[in-house]
Each structure stands twice: as C-alpha cells, then as structure tokens.
Amino acid sequence: MPSSPLVVALSGLSSTGKSTIASHLPVIFPPPFYGLTILHVDDFYKPQTELPCRECLLDWDSAQSLDWPRLEDAVRRWRDGVSIKEGKVNPQPQFQQDATAVAGHDTKEQWGNGITQAHVEHLQAGAPTPAPVGGLQRILILDGFLLFTPSVPAAFSSLLDLKILLRAPYADAKRRRKSRSGYVTMEGWWEDPPGYFDKVVWPNYVEENRGFFVDGDVEGRIDDKMCEKEGVKVWLGETDGLAKPLMWVSGEIRKIV
C-alpha cells in the first residue's frame, strides 16, 4: 500500500518567509522517496470585484478574500492522486509577488535569506527514508495566510495533517512588506496603499490568530493548551534570516512522514 498523502499548511503573517521556506522543501525532501508539491494559496483569490473592504481599502489579507470551495477542491483532488503540476488541477494563478522580490533557488549561489548550501545538505541528510513497502511519500505544502484560523471553513481545516504558524514581530513584518514593490493580479497590478499594513494586514492577523497566544498577545507567549487542541505548531525563534525556521519546519515534517 502507498504511504498516505500528507497535507502541510505553512501559514502566518504576510512577509514571514513562507514562500521562501516552501521553495526549499522539494530539495530537502527529494525524489525518489518523496513527491512534494507546493500549492500557493495566493492563486485562489476571489476576483477583485468580489473582495471585501476594510477601512475603505480592498482587503487582500482576510479569509473572506479567498475562494475556499475551489481551494478545497484542489486539495481533495490532489489527495485523490490528481497531479497539480500536470495541470489537471488549475488554480488559476492571479496574485503573484513581483518577481524582483522573490529569490531564485536553482543554483547554490541563489539560496539567500541566511540559508546556505551547507544548511540544505544537512537537512537532506536528515530526511528519513520511507520503508520500501510504504511506496512514494506524497506531500502537499500549502503556502498561504490564515489557513487554520476561526474564519476558515471547517471542511477545509479537516484536510490538514500538519499546521505550522510562522510568527514574526510587527516591526519586522511591516518592514518586509514595505520592501516589496507590488503584486501582479489577474486584473493588473497592486501596490499597497498608504497605511495598508496597519489598517488591514496586521489587524486581520491579530484577530484571526490571537487565540493561539496568551491574553491574545500575538507577540507574546503561545497558549500551549489551545495550540495542542488545534494541532498548531508555532515558530517562536529568530526572525533574522530563514535558515533556522527552515530547519525547524523540516523537522516538524519529518515527525509525521
């Protein structure tokens, strides 16, 4: 019997390094023992005309801005063996970060973000090899925000085998978001208007994730009982560079394969 497919939700505040970490995982968990697919939740936005507003601004950073039925269908079809990579599931990409803001990872010289080739080789060496009787271990990495918070449909949350929340301090996340030049959408080009982080991004993050932290302080201590109840793993370490978060995320995945 093949190993059961695993769905890993890599979630957190905008600009916490989710996409960068996700992009390294296929190298750390490579074929022939692993079949790892990345699905970017940003590809499942509703049309811009259907987006909610907050503080008189279009809200791209709330759970209500996503097409959950379409995303859930894509995940279920992947679990049933339909290949997203081959185009049998079409997520209709529509909201992509400007290419100049995304580091490439095709060569040793392009790891960046504090991640070195030595880190990657170390993690590759530590990845467990499934027993031959288990067959290929399929893993789907969902790269997105608000993937297991109260506003997320329960039917979708039930599909998740591992829930990982990457946390970053307010100041760091705001600085990173501000450094991005803009985003390509299906309708054209989006740049954060003045005050967008403070009026939309940060309040949405706090409202949706406060339950995982003591007294609702998202920059404070995690609520161990709540996180255990919901099965959420929270990164509480350094935010300067992504080498350590990558190592931690890889370790959490190893625990379930």
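Hi everyone. Let me start with a definition: a salt bridge is a side-chain nitrogen of Lys or Arg within 4 Å of a carboxyl oxygen of Asp or Glu. Please keep that cut-off in mind, and also remember that what we have here is a predicted model.

First, the overall picture. The protein has 257 residues, and 47% of them count as buried. There are eight helices and 10 strands. If we take the contacts with a separation of 6 or more, 75% of them are between residues 24 or more positions apart.

Now to the residue I'd like you to find, Asp59. Where is Asp59? Look in the loop between strand 4, residues 57-58, and helix 2, residues 68-79. Asp59 is buried, yet it has no salt bridge. Why not? The nearest side chain of opposite charge belongs to Arg54, and that is 5.4 Å away, whereas a salt bridge has to be within 4 Å, so this pair does not count.

What does the side chain of Asp59 reach instead? One partner is the backbone nitrogen of Ser62, at 3.2 Å. Another is the side chain of Asn204, with a polar contact at 3.0 Å. Leaving aside neighbours within four places in sequence, Asp59 is in contact with several residues, including Leu51, Pro52, Tyr196 and Val200. Arg54 is also among those contacts.

Let's follow Arg54, then. Which side chain does Arg54 meet in a salt bridge? It is Glu207, at 2.5 Å from N to O. Arg54 lies in strand 3 and Glu207 in helix 6, so the pair ties together parts that are 153 residues apart in sequence. How accessible are the two partners? Arg54 is partly exposed, with a relative accessible area of 21%, and Glu207 is partly exposed too, at 44%.

The structure holds 10 salt bridges, and I'll show you a couple more. Arg70 forms one with Asp67, where the closest N and O atoms are 3.2 Å apart. Here Arg70 counts as buried, at 18% relative accessibility, while Asp67 counts as partly exposed, at 24%.

Next come Lys255 and Glu252, whose side chains meet in a salt bridge at 3.0 Å. Is each partner buried or exposed? Lys255 is exposed, at 62% relative accessibility, but Glu252 is buried, at 7%. Salt bridges can also share partners, and in this way Asp61, Arg177 and Asp192 are joined into one network.

Let's finish with the aromatic rings. A pair of aromatic rings is described by the distance of the centres and the angle of the planes. In this model the count comes to 12 aromatic pairs. Take Trp190 and Tyr196: their ring centres are 5.6 Å apart and their planes are at 70 degrees, so the pair is edge-to-face. Both Trp190 and Tyr196 are buried. You have met Tyr196 already, as one of the residues in contact with Asp59.

Which rings join these two in a cluster? Ring pairs link Trp190 and Tyr196 with Tyr45, Trp60 and Phe145.

One last ring to find on your screen is Trp78. Arg138 lies over its face, at 4.2 Å from the ring centre.

If you'd like a route through the structure, start at Asp59 in its loop, step across to its polar contact with Asn204, and then look for the salt bridge between Arg54 and Glu207. Thanks for listening!

Notes
Residues numbered from 1 in each chain as written. Predicted model: local features only at pLDDT ≥ 70, side-chain atom pairs only at ≥ 80, totals over all residues. Heavy atoms only, no water. Helix = DSSP H or I, 4+ residues; strand = E, 2+ residues; numbered from the N terminus. Buried < 20%, exposed > 50% of the residue type's maximum accessible area, 1.4 Å probe, protein only. Lys, Arg positive; Asp, Glu negative; His and termini not counted. Polar contact = N/O pair within 3.5 Å; in protein donor to acceptor, adjacent residues only side chain to side chain. Contact = heavy atoms within 4.5 Å. Phe/Tyr/Trp six-rings, centres within 6.5 Å; stacked < 30°, edge-to-face > 60°. Lys NZ or Arg CZ within 6 Å of the ring centre and 35° of its normal.
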